[in-house]
Amino acid sequence: MTNRTFTILKPNAVAAGNTGKILDMILRDGFTIRAMRMIFLSRNDAARFYAIHKGKPFFADLVEFMTSGPVIVAILEKENAVASLRTLVGNTDPAKAAEGTIRRLFADSLTRNAIHASDSDENARQEWSQFFTPDQIMETDYYL
Ligand code: CMP
């Protein structure tokens with residue numbers, strides 16, 4: 001079934017100039033971009049986005065990192081989108097990420113791991129709702 005997921009290209013991916021390469025990998029893998037923009041997360045944005053990790057030892061570093069520079073947020077569509085993007089992205093820890101995955105290629109560390117990919121359909125919808133209103137999501141296949 002065709003459905004949607006949400007991604008964030010993190011500050012280290014943007015700062016290193018890797019967003020074009022990462023988006024190319026995503027598009028070549030068959031995803032369609034339904035919404036995308038570059039933003040600067042506030043501390044509130046980052047803390048809200050990662051609320052599930054509040055209280056964990058890495059939370060403060062994660063918020064610090066995610067607010068250290070601009071990010072690209074995007075809604076992506078594909079058959080089985082959530083699982084498919086997580087396969088392309090690879091393990092959270094780049095040391096454990098498979099050869100050829102985005103994190104294996106572009107992550108610097110467990111925290112600075114280049115990209116976020118939603119882990120369920122429900123979380124994807126909740127996550128993109130933090131950044132996109134329904135009118136900002138392209139529902140028509142103008143460019144296909
Ligand atoms: P992400 O997929 O965006 O979801 C939570 C983020 O927390 C994760 O990627 C990493 O950037 C960061 N993180 C840092 N340390 C850990 C850890 N030990 N386990 C999971 N996530 C971590």
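Guide: Welcome! Ala, Val, Leu, Ile, Met, Phe, Trp, Tyr, Cys and Pro count as nonpolar, Asp, Glu, Lys and Arg as charged, and the others as polar. The model you see is predicted. By those classes, the lining of its largest pocket has eight nonpolar, nine polar and six charged residues.

Visitor: Which residues of that lining lie nearest the centre of the largest pocket?

Guide: Of the 23 lining residues, Tyr50, Ile52, His53, His116 and Glu127 do. Tyr50 and Ile52 count as nonpolar, Glu127 as charged, and His53 and His116 as polar, because His is in neither of the other lists. The pocket holds about 670 Å³ of space.

Visitor: Which helix gives the most to the lining?

Guide: Helix 7 does, with three residues. Helix 3 (43–49) and strand 4 (115–117) also supply at least two each.

Visitor: Where does the ligand sit?

Guide: In the largest pocket. Around the ligand are Lys10, Tyr50, His53, Phe58, Leu62, Thr92, Arg103, Leu110, Thr111, Asn113 and His116. That shell has four nonpolar, five polar and two charged residues.

Visitor: Why is the pair between Thr111 and the ligand called a polar contact?

Guide: A backbone N or O atom of Thr111 lies 3.0 Å from a ligand oxygen. The cut-off for a pair of N or O atoms is 3.5 Å, so this pair qualifies. Leu110 passes too, with a backbone N or O atom 3.2 Å from an oxygen of the ligand, and a polar side-chain atom of Asn113 lies 3.1 Å from a ligand oxygen.

Visitor: What share of the ligand's area does the protein bury?

Guide: The protein buries 79% of the 450 Å² that the ligand exposes when taken alone.

Key
Residues are numbered from 1 along each chain as its sequence is written. This is a predicted model: local features need pLDDT of at least 70, side-chain atom pairs count only at pLDDT 80 or more; totals for chains, interfaces and linings use all residues. Side-chain values use heavy atoms; hydrogens and water are left out. A residue is near a molecule or strand if one of its heavy atoms lies within 4 Å of it. A polar contact is a pair of N or O atoms within 3.5 Å; within protein, one must be able to donate a hydrogen and the other to accept it, and residues adjacent in sequence count only if both atoms are side-chain atoms. Accessible areas come from the Shrake-Rupley method with a 1.4 Å probe; for residues, only the protein chains shown count as cover. On a 1 Å grid over the protein atoms alone, a cavity is a set of points where a 1.4 Å probe fits but cannot get out, and a pocket is an open set with protein on both sides within 12 Å along at least five of seven lines; lining residues have an atom within 4 Å of a point. A molecule sits in a cavity or pocket if more than half of its atoms lie within 2 Å of its grid points. Grid points are joined across faces, edges and corners, and a volume is the space filled by probe spheres set on the points. Helices (H or I, at least four residues) and strands (E, at least two) are DSSP runs, numbered from the N terminus.
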